[in-house]
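I opened this entry to keep track of what I looked up, strand pairing to begin with, then packing and charged pairs.

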Amino acid sequence: MPSAPRVVLVLPTLVGGGAERIVVEVAEGLAREGGVDVEVVTLLDDPSMSRRTAAGVEIRCLGRRRVRNALLPLVVELRRDPPVAVLT
């Protein structure tokens, strides 16, 4: 059986308010209802914040100090397991 398509949502950080929470809720909804594997990648958060939500969404934190320093690690991450879609 083929694996489910993979979707990656990218944002600078999960620290903050409503927009960050909405991204995680959208990711969880896609995972539950959409039949896709969903991963949220943050650029600035501490890698120790990486986890998996109750809905099975993997949250991966690249742990960079600046967004511009996260570009190469993000490209490496996306090439490692290419998604069908990247949402930013």
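I began with the strands and noted that Val10 stands opposite Val41 in β2. The model is a predicted one, and I read every entry below with that in mind. Between β1 and β2 I found six bridges, and the two strands run parallel. Following the chain from β1, I passed through helix α1, residues 18-33, before arriving at β2, and I recorded this β-α-β crossover as right-handed.

I then looked at the pairing of β2 with strand β4, residues 58-61, where four bridges join the two strands, again in parallel. Here Thr42 stands opposite Cys61 in β4. When I checked how covered β2 is, I found that five of its six residues are buried.

Next I turned to packing. Which residues make up the largest nonpolar core? I listed twelve: Val7, Leu9, Leu11, Leu14, Val24, Ala27, Val36, Val38, Val40, Val57, Ile59 and Cys61. The elements that give two or more residues to this core are β1, α1, β2 and β4, and the largest share, three residues, comes from β1. I picked out Val40 for its contacts and, leaving aside residues up to four places away in sequence, found that Val40 touches Leu9, Leu11, Ala27, Val57, Glu58, Ile59 and Arg60. Apart from the largest core lies another, of eight residues, and among them I noted Val10, Ala70, Leu74 and Leu78.

I moved on to the charged side chains, and the count came to nine salt bridges. I took Arg6 as the starting point, since its side chain meets that of Glu39 in a salt bridge at 2.4 Å, N to O. Arg6 lies in strand β1, residues 6-11, and Glu39 in strand β2, residues 37-42, so this pair ties together parts that are 33 residues apart in sequence. Are these two residues buried or exposed? Both Arg6 and Glu39 are buried.

The side chain of Arg6 also meets that of Asp81 in a salt bridge, at 3.7 Å, N to O. This pair links distant parts of the chain, with Arg6 in strand β1 and Asp81 in the loop between α2 (71-80) and β5 (85-87), 75 residues apart. I compared each partner with the cut-offs: Arg6 has a relative accessible area of 10%, and because buried means under 20%, I entered Arg6 as buried. Asp81, at 33% relative accessibility, falls between that limit and the 50% above which a residue is exposed, so I entered Asp81 as partly exposed.

A further pair I looked up was Glu77 and Arg80, whose side chains meet in a salt bridge at 2.5 Å, N to O. Both lie in helix α2, three residues apart, which is about one turn of the helix. Glu77 is buried, with a relative accessible area of 8%. Tracing salt bridges that share partners, I found that Arg6, Glu39, Arg52, Glu58, Arg60, Glu77, Arg80 and Asp81 are joined into one network.

My last entry concerns Pro82, which I located in the loop between α2 and β5. At 58% relative accessibility Pro82 is over the 50% limit, and I therefore recorded Pro82 as exposed. The C-alpha atoms of Pro82 and Leu44 are separated by 21 Å, and the two residues are 38 residues apart along the chain.

Conventions
Residues numbered from 1 in each chain as written. Predicted model: local features only at pLDDT ≥ 70, side-chain atom pairs only at ≥ 80, totals over all residues. Heavy atoms only, no water. Salt bridge = Lys/Arg side-chain N within 4 Å of Asp/Glu carboxyl O. Buried < 20%, exposed > 50% of the residue type's maximum accessible area, 1.4 Å probe, protein only. Pairing = 2+ DSSP bridges. Right-handed = clockwise from strand over helix to strand, strands pointing away. Core = buried A, V, L, I, M, F, W, Y, C linked by side-chain atoms within 4.5 Å. Contact = heavy atoms within 4.5 Å.
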